[in-house]
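Subject: Structure handover

Hello,

Please find the structure below, with the sequence. My notes on what was found in it follow.

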Amino acid sequence: MSSTVSWVFNSARNRIAILQGGRRLYSRSVSNGNQSRWRLLCQATPPLKSRCLCDNFPLQKAYRHTSTEEEDFHLQLSPEQVNEVLRAGESVHKTDLVNGVSNSVLRFESNQLAANSPVEDRQGVASCMQTNGLMFGIFDGHGGHACAQAVSERLFYYMAVSLMSHQTLEQMEEAMENMKPLLPILQWLKHPGDSIYKDVTSVHLDHLRVYWQELLDLHVEMGLSIEEALVHSFQRLDSDISLEVQAPLEDEVTRNLSLQVAFSGATACMAHINGVHLHVANAGDCRAILGVQEDNGRWTCLPLTHDHNAWNQAELSRLKREHPESENRTLIMDDRLLGVLLPCRAFGDVQLKWSKELQRSVLKRGFDTEALNIYQFTPPYYYTPPYLTAKPEVTYHRLRPQDKFLVLASDGLWDMLGNEDVMRLVVRHLSKADHHKPDLAQRPTNLGLMQSLLLQRKANGLHTADQNAATHLIRHAIGSNEYGEMEPERLAAMLTLPEDLARMYRDDITVTVVYFNSDSIDAYYKGG
């Protein structure tokens, strides 16, 4: 077995803590210093850098082989099989025309690589049928995939309705009253996937209708501004998720799904593009960056989001403003909100939003929480909820001809690669510079570097060039060495790890790369 694979398993042996968790043992990666704390706080211990202290959604298929003994594990993926695994989820779509109108978006490429089973990330792309806007979304679930699935299916509808004119909303309401077909709201270019909520879509439509009725009452002739629409859509959908599980629903399937959505969580990063107007709304730690090529040919990276976590000082200040000074020392513990959650903004996660009394009241209404795997845990310093919000931070950017591409991705990518790394990889992908000889003059020459160069040469010989930039980013995120160069053995080992080990070394990774039409943007400024 290779040294790379041996390192993976030796590391796993040293870092696995076996903890008793209800009906089974849980194997998860835990640092030595935190093992005692995790034993106290966790019934179902999360993997390394998991979003929350509870994986509270039932797995839908059995784990793969979980042994960490080298003799029980055989690396069998050929280079062709590695490519097959990496490219299984990729897609590309050309979008230069939206509703027959020339758009600033030329095309987008996307891909997803799962670490959780089932995968907890979701993504979506759609155009607003009553406006010319394009919407891109990355939704990163935690505690299961239920909330991410619900948000990925519903958020774009709230956004599209928010942007409708008063006249269009009246037409929507008239159609509902007369039981006529609704005006088309969205055209999905990339759907989040098969819905598990088909039985409750009527409930979702009813709540969407209540929302547009309230918009009608505002008497805003041209609809909300894009920034207002983004903020209202995020917060209103999160409110509806909370209210749906509190409602006295008769149908058991609807009740159970609503509970699972509300008690799991999801961060979200959404971009709305209309002509040269780019708005990005972010709640959590997904991320968006812009690749910019200056007039002199130099490439720069423009971040469009800030991670909402314990390392964001502005976010810490916000939390302290919203809670009594006596809680300053307990708002963030172990780099987590109340010692529980890494992101400080998210959909769902009502355990960090509801009062203790409301949580008890809802959970006592006949739910089989054990069968649904709903984790019931109240942090020890839970005094003044809500501690968590889905209100997004919105960034506006006016597109210019030098703005070449937008990358949106879940934190599984950003855990592995920095903003500049991602920008450079997309640029290299575009220019096919991966095959160029590395510049040794810019790095110290040593045996380690020479070995890396040999491995890169081997990799270039084994792997055909990726046609999809999202695939290229995922390949480098999990297969690159310390110099940012590909190690085929490392890549194959990371893709061959059993499910419960894979989550210790990487998260679900979901990436969308949006390419802009520079000619269309340039024509806009020239009045074309």
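To start with one residue: Ser 258 touches Glu 244, Val 245 and Leu 249, leaving aside residues up to four places away in sequence. Ser 258 is part of helix 8, which covers residues 252-263. With a relative accessibility of 11%, Ser 258 falls under the 20% limit and therefore counts as buried.

Please keep in mind that this is a predicted model.

Overall content

The chain contains 18 helices and 19 strands. It has 528 residues, of which 55% count as buried. Among contacts with a separation of 6 or more, 75% are between residues 24 or more positions apart.

The six-strand sheet

One open sheet has six strands in the order 3-6-19-18-12-13, and the pairing is antiparallel. Its edges are strand 3 (91-94) and strand 13 (299-303); each has a single partner strand, so one side of each has no neighbour in the sheet. On average, neighbouring strands here are turned by 15 degrees against each other, with direction ignored.

The pairings inside this sheet are as follows.

- Strand 6 (residues 105-113) pairs with strand 19 (residues 509-516) in the antiparallel sense, over eight bridges. Glu 109 has Val 513 of strand 19 as its bridge partner.
- Strand 18 and strand 19 run antiparallel and are joined by five bridges. Here Val 407 is opposite Val 513 in strand 19.
- Strand 12 (residues 287-293) and strand 18 are also antiparallel, with six bridges between them. Ala 288 is opposite Leu 408 of strand 18.

Val 513 thus appears in two of these pairings, with Glu 109 and with Val 407. As for strand 18 itself, six of its seven residues are buried, so the rest of the structure largely encloses it.

Helix 15

Which strands does helix 15 touch where it packs on the sheet? Helix 15 (residues 469-479) is in contact with strand 6, strand 18 (403-409) and strand 19, and its direction makes about 140 degrees with that of strand 19. Eleven of the eleven residues of helix 15 are buried, so this helix is largely enclosed by the rest of the structure. The buried residues include His 472, Arg 475 and His 476, alongside Leu 473, Ile 474 and Ile 478. At the start of helix 15, a side-chain oxygen of Asn 468 comes to within 2.8 Å of the backbone nitrogen of Ala 470.

Aromatic rings

There are eleven aromatic pairs in the structure. One of them is formed by Phe 108 and Phe 136; it is edge-to-face, with 5.6 Å from centre to centre and 80 degrees between the planes. Phe 108 belongs to strand 6 and Phe 136 to strand 8 (residues 134-142), so this pair ties together parts that are 28 residues apart in sequence. Are the two rings' residues buried or exposed? Phe 108 is buried, at a relative accessible area of 1%. Phe 136 also counts as buried, at 1% relative accessibility.

Elsewhere, ring pairs join Phe 139, Phe 156, Tyr 157 and Trp 188 into a cluster. There is also a charge over a ring: Arg 107 lies over the face of Tyr 515, at 4.0 Å from the ring centre.

Strands 10, 11 and 17

Strand 11 (residues 277-283) has two pairings to note. Strand 10 (residues 265-274) pairs with strand 11 in the antiparallel sense over seven bridges, and Ala 268 is opposite Ala 283 in strand 11. Strand 10 and strand 11 form a hairpin with two residues between the strands, where Gly 275 has a positive phi near 65 degrees. Strand 11 is also joined to strand 17 (residues 393-398) by six bridges, again running antiparallel. In that pairing, Ala 281 has Val 394 of strand 17 as its bridge partner. Six of the seven residues of strand 11 are buried, and the strand is mostly covered.

Regards

Notes. Residues numbered from 1 in each chain as written. Predicted model: local features only at pLDDT ≥ 70, side-chain atom pairs only at ≥ 80, totals over all residues. Heavy atoms only, no water. Pairing = 2+ DSSP bridges. Helix = DSSP H or I, 4+ residues; strand = E, 2+ residues; numbered from the N terminus. Axes fitted to C-alpha atoms, helices over the stretch in contact; angles between N-to-C directions. Contact = heavy atoms within 4.5 Å. Phe/Tyr/Trp six-rings, centres within 6.5 Å; stacked < 30°, edge-to-face > 60°. Buried < 20%, exposed > 50% of the residue type's maximum accessible area, 1.4 Å probe, protein only. Lys NZ or Arg CZ within 6 Å of the ring centre and 35° of its normal. Polar contact = N/O pair within 3.5 Å; in protein donor to acceptor, adjacent residues only side chain to side chain.
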